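Work through the exercises below with the sequence and the 3D view open. Try each task before you read its solution.

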Amino acid sequence: MAIALDHLFICCEPGGPEAQALLDIGLAEGSGNVHPGQGTANRRFFFQDGFLELLWVNDPEQAQSPLTAPTRLWQRWITRKAGSCPFGVAFRPAGNVVDTPPFDTWTYSPGYLPREKQILFAKNTSLHEPELFYMAWPHPQQSAPAQPKDHPNGLLSLLSASVGLPAGTPLSASSIAVQAAGVLRYHAADKYELKLTFTARQAVAFDLSPMLPLVLSATEVAFPTKYANRSQSAAG
């Protein structure tokens, strides 16, 4: 099961105003997407290996359609302040061979993707865990459109992700499987949070709460920067 972390999403307010917290810590924003038929839109921040997506519902009717409803994107988004985990984690093949993900799946074929590209959603996860899904097609690096990845704060490649869940939150078989496969970690936290680690040109630590439930960090040091070691809330 050779799969890799591809990107993560955080459910946010319409228009993604929370992106300002990412801009304030020295990230360069890439292009956003609208997902016709799915009823969602996003703002994205790209790294040398993976990206971060701020996701919101822009068309409730499409998001609740018979095609999209099983993804629970609407349900997760609309209840993000009422107990649902606001995160989603996407995986891709680690190489050019499309392998089987380590969790049972159901197939989602959204209209905005070519017919040959399918998204495999994990079965039996709860809304108190992140959504898990696998993009079941090869992802050759050279085919990806150019996106800004030279960030002023020095972050380079996305190395790992750990999802913080309130203590006592049970993990589904799918979440246990991805943790056992070493492609995602879980940790106990007071509230939902996402911790991402990177390679970087310098050591940095950014805690973006309360604007975003997100902590970004890297420990490699090459030269100082005005953004380094920022421990206070970027939203403040």
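A residue is buried at under 20% relative accessible area, exposed at over 50%, and partly exposed in between (1.4 Å probe, protein chains only). By this rule, 50% of the 236 residues of the protein count as buried. The model is predicted, so local features need pLDDT of at least 70, side-chain atom pairs count only at pLDDT 80 or more, and totals for chains, interfaces and linings use all residues. Residues are numbered from 1 along each chain as its sequence is written, and side-chain values use heavy atoms, with hydrogens and water left out.

**Exercise 1. The two sides of a helix**

Task: Find the buried residues of helix α4 (residues 173–180), and name what covers them.

Solution:
- Step 1. Get the elements. Helices (H or I, at least four residues) and strands (E, at least two) are DSSP runs, numbered from the N terminus. The protein has four helices and 13 strands.
- Step 2. Sort the residues of α4. Ser174, Ser175, Ala177 and Val178 are buried. They lie on the same side of α4, because they cover an arc of only 160° around the axis. That arc is taken from the directions from the helix axis to the C-beta atoms.
- Step 3. Turn to the other side of α4. Ala173 and Ala180 are exposed there.
- Step 4. Recall the general rule. An α-helix has 3.6 residues a turn, so residues three or four places apart point the same way.
- Step 5. Look for the cover. Contact means heavy atoms within 4.5 Å. The cover of the buried residues includes β5 (87–93), β7 (119–122), β8 (131–135) and β10 (185–189).
- Step 6. Step past the end. Just after α4, glycine 182 has a positive phi of about 80°.

**Exercise 2. Charged pairs**

Task: Locate the partners of the salt bridge between aspartate 49 and arginine 92, then do likewise for aspartate 150 and arginine 201.

Solution:
- Step 1. Apply the criterion. A salt bridge needs a side-chain nitrogen of Lys or Arg within 4 Å of a carboxyl oxygen of Asp or Glu. The whole structure holds nine salt bridges.
- Step 2. Take the pair aspartate 49 and arginine 92. Their N to O distance is 2.6 Å. Aspartate 49 sits in the loop between β3 (40–47) and β4 (50–57), and arginine 92 sits in strand β5, so this pair links distant parts of the chain, 43 residues apart.
- Step 3. Check burial. Aspartate 49 is partly exposed at 32% relative accessibility. Arginine 92 is buried at 12%.
- Step 4. Take aspartate 150 and arginine 201. Their closest N and O atoms are 3.4 Å apart. Aspartate 150 is in the loop between β8 and β9 (155–166), and arginine 201 is in the loop between β11 (193–200) and β12 (204–207), so the pair ties together parts 51 residues apart in sequence.
- Step 5. Check burial again. Aspartate 150 is exposed at 60%. Arginine 201 is partly exposed at 24%.
- Step 6. Look for shared partners. Salt bridges that share partners join Asp6, Asp49 and Arg92 into one network.

**Exercise 3. A proline in a loop**

Task: Is proline 110 buried or exposed, and which residues is it in contact with, leaving aside its neighbours within four places in sequence?

Solution:
- Step 1. Place the residue. Proline 110 is in the loop between β6 (105–108) and β7.
- Step 2. Read its area. Proline 110 is buried, with a relative accessible area of 4%.
- Step 3. List its contacts. Beyond those neighbours, proline 110 is in contact with Gln38, Leu67 and Ile119.
- Step 4. Check one partner. The C-alpha atoms of proline 110 and glutamine 38 are 7.0 Å apart, with their positions 72 residues apart along the chain.
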